[in-house]
Amino acid sequence: MFMPSTNSARGLQDAGAAERVSAGQRQAGPGASPYVRLFRATPFERIDIIRQGVSAHEVVVTGEAMGIPKERMFSLLRFTRATVNRRLKGSETLPSEYSERIIGLQKLIGQVEVMVAESGDPTGFNAAHWVAEWLETPMPALNQARPAEFMDTMEGQELVSSLLDKMQSGAYA
């Protein structure tokens with residue numbers, strides 16, 4: 001998994017960039033999973049990661065963590081098979097729009113990890129598997145649509161993230 005670090009700030013040239021990166025790292029904590037670090041990263045960190053491009057291998061790694069095949073990941077995030085497979089073979093990064101979508105999915109996994117840690121005992125809980133199952137469950141708050149249907153756009157991912165927040169707070173019925 002691509003983990004935000006102070007090295008990921010190389011594309012940010014302003015004086016406050018290193019400060020923002022280290023603030024995001026402090027917020028996540030040293031023992032946090034890569035998904036939690038991504039969830040708690042600053043927007044500047046995530047933007048920098050997206051601009052640099054995420055390794056195409058992240059599609060496979062994230063799918064494995066979620067327990068879903070690569071083809072389902074392509075469908076979930078509306079990636080073209082040819083683009084990802086070509087970049088996998090060449091060990092290349094994904095285009096920025098693909099990088100943004102995989103980062104958004106990984107951020108959701110981190111959000112769930114944080115929610116469980118804040119709400120109870122996370123021992124034995126697999127956030128990535130839970131997210132994979134939950135994404136396929138029709139939700140009344142989405143007019144019976146599955147959250148997976150919204151993962152191909154940033155606006156859709158924000159909607160899904162907001163739904164998770166409401167579930168944790170009890171605002172979701």
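**Reading helix faces, crossings and ring pairs**

Tutor: Let's start with helix H5 (residues 70-77) of this predicted model. Met-73, Phe-74, Leu-76 and Leu-77 are buried there.

Student: Where do the buried residues of H5 fall when seen down the axis?

Tutor: First the general idea: an α-helix has 3.6 residues a turn, so residues three or four places apart point the same way. In H5 the buried residues fall within an arc of 165°, so they line one face of the helix. They pack against H4, H6, H7, H8 and H9. Just after H5, Arg-78 takes a positive phi of about 55°.

Student: OK, now two helices. How do the axes of H4 and H8 cross?

Tutor: Packed helices are described by the angle and the distance between their axes. Here H4 (residues 57-66) and H8 (residues 127-135) have axes that come within 7 Å and cross at roughly 85°. The two are therefore roughly perpendicular to each other. Glu-64, Ala-65 and Met-66 of H4 make the contact with residues of H8 including His-129 and Leu-135. The contact residues divide into 6 nonpolar, 1 polar and 1 charged.

Student: And how many aromatic pairs are there?

Tutor: You describe a ring pair by the distance of the centres and the angle of the planes. The count here is 2. Phe-79 and Tyr-98 are stacked, 4.2 Å centre to centre with 5° between the planes. Phe-79 sits in the loop between H5 and H6 and Tyr-98 in H7, so the pair ties together parts 19 residues apart in sequence. Phe-79 is buried at 6% relative accessible area, and Tyr-98 is buried at 7%.

Student: What about Trp-130 and Trp-134?

Tutor: Their ring centres are 5.7 Å apart and their planes at 10°, so that pair is stacked. Trp-130 and Trp-134 are 4 residues apart in H8, about one helical turn. Trp-130 is partly exposed at 29% relative accessibility, whereas Trp-134 is buried at 7%.

Note on methods:
Residues are numbered from 1 along each chain as its sequence is written. This is a predicted model: local features need pLDDT of at least 70, side-chain atom pairs count only at pLDDT 80 or more; totals for chains, interfaces and linings use all residues. Side-chain values use heavy atoms; hydrogens and water are left out. Axes are lines fitted to C-alpha atoms, for helices over the stretch in contact, and angles run from 0 to 180 degrees between N-to-C directions. Angles under 35 degrees count as roughly parallel, over 145 as roughly antiparallel, 65 to 115 as roughly perpendicular and the rest as oblique. Contact means heavy atoms within 4.5 Å. Ala, Val, Leu, Ile, Met, Phe, Trp, Tyr, Cys and Pro count as nonpolar, Asp, Glu, Lys and Arg as charged, and the others, Gly among them, as polar. Buried means under 20% relative accessible area, exposed over 50%, partly exposed in between (1.4 Å probe, protein chains only). The arc is that of the directions from the helix axis to the C-beta atoms. Rings of Phe, Tyr and Trp (its six-membered ring) pair if their centres lie within 6.5 Å; planes under 30 degrees apart count as stacked, over 60 as edge-to-face and the rest as tilted.
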